[in-house]
Amino acid sequence: MSSVLYVCVRPERSAADAEHRSFSRGLGIGPLDRIDLMHTPLRTIDWQSYDGFVIGGSPFNVTDTDKSTEQLSVEDDLRRIAQRALDAAALAMFTCYGIGVVTQMLGGEVHTAQPERASATRVTLTAAATDDPLFGPSGDSLSVFTAHKESARETPPTAVLLATNDACTVQAYRVGDHLYATQFHPEASPQDFADRMAVYRASGYFDPAQYDATERAILAATVEGDELLNRFSRLVGI
């Protein structure tokens, strides 16, 4: 049977555990294999035996000017996974922080001019997404959760833009046939995202004074990101 590995890059254990459950539900895989790169380097497991990788978000930013040894190690490992997807040896979906790592790896620029606070937003799918096996069935647009401080200024060389909106130019792209990157969080349900807010309440993803109003808006939202994960599973062969 084909296999998928959830790659965690969150230092906060509660957020990491919750994200793992979110991806497991969205992919329809239980139990979903997991590695926490903050504690376990990629080289210590047989990671090249996996057919698919889903990479979660992180409070890290690739534009950070003073990176810890842990962050540098994490980014090295994420680039190794990205290269495996670029070589068409496995399917990979990088989310949020991961799109920044891949963008820089491919020679693109990551900037801080288009942040999005924690909220549900609608992204517009491009013409190129029409025939894409993950994004095509979603039609013209997709409702998803976003919360980020940085983003790709434009699609990096060789990448195909799949989703965009006025708030953030690059919401998703594909490189080749095996590497996907999204600025948004496809795995989170409204309750998942509200729970994540509590962990990152003072991290700058929303105004803490507006916590209750932001939480209400998130819990009332309807999002469709898990449709992408369900199709990802089918592409891998689950």
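1. Two strands count as paired if DSSP finds at least two bridges between them. In this predicted model, strand S6 (residues 116-125) and strand S9 (residues 159-164) are joined by 2 bridges and run antiparallel. Thr-124 has Thr-164 of S9 as its bridge partner.

2. The pairing of S6 with S9 belongs to an open sheet of 9 strands, in which the pairing is mixed. The strand order is S2-S1-S3-S4-S11-S10-S9-S6-S7. At the edges stand S2 and strand S7 (141-148), each of which pairs on one side only. On average, neighbouring strands of the sheet are turned by 25° against each other, direction ignored.

3. Strand S1 (residues 4-8) lies between S2 and S3 in the strand order. With strand S3 (residues 52-55), S1 runs parallel and is joined by 4 bridges; within this pair, Tyr-6 is matched with Val-54 of S3. With strand S2 (residues 33-36), S1 likewise pairs in the parallel sense, over 4 bridges, and here Cys-8 has Asp-36 of S2 as its bridge partner. Between S1 and S2 the chain passes through helix H1 (residues 13-27), and this β-α-β crossover is right-handed.

4. Are the residues of S1 buried or exposed? The strand is mostly covered, with 5 of its 5 residues buried. In a regular strand the side chains alternate between the two faces of the sheet. In S1, Val-4, Tyr-6 and Cys-8 are on one side, whereas Leu-5 and Val-7 are on the other. Residues on both sides are buried, and both faces of the strand are therefore covered, burial being defined as under 20% relative accessible area.

5. Helix H1, the connection in the crossover from S1 to S2, lies across S1, S2, S3 and strand S4 (91-95). The direction of H1 is at about 155° to that of S1.

6. Helix H1 also meets helix H6 (residues 226-236): their axes come within 7 Å and cross at roughly 65°. H1 is therefore roughly perpendicular to H6, because angles of 65 to 115 degrees are counted in that class. Which residues make this contact? From H1 they are Phe-23, Gly-26 and Leu-27; from H6 they are Asp-226, Leu-229, Asn-230, Phe-232 and Ser-233. By character, the residues of the contact divide into 4 nonpolar, 3 polar and 1 charged.

Terms used
Residues are numbered from 1 along each chain as its sequence is written. This is a predicted model: local features need pLDDT of at least 70, side-chain atom pairs count only at pLDDT 80 or more; totals for chains, interfaces and linings use all residues. Side-chain values use heavy atoms; hydrogens and water are left out. Buried means under 20% relative accessible area, exposed over 50%, partly exposed in between (1.4 Å probe, protein chains only). A crossover is right-handed if, with the strands pointing away from the viewer, the path from the first strand over the helix to the second runs clockwise. Axes are lines fitted to C-alpha atoms, for helices over the stretch in contact, and angles run from 0 to 180 degrees between N-to-C directions. Contact means heavy atoms within 4.5 Å. Angles under 35 degrees count as roughly parallel, over 145 as roughly antiparallel, 65 to 115 as roughly perpendicular and the rest as oblique. Ala, Val, Leu, Ile, Met, Phe, Trp, Tyr, Cys and Pro count as nonpolar, Asp, Glu, Lys and Arg as charged, and the others, Gly among them, as polar.
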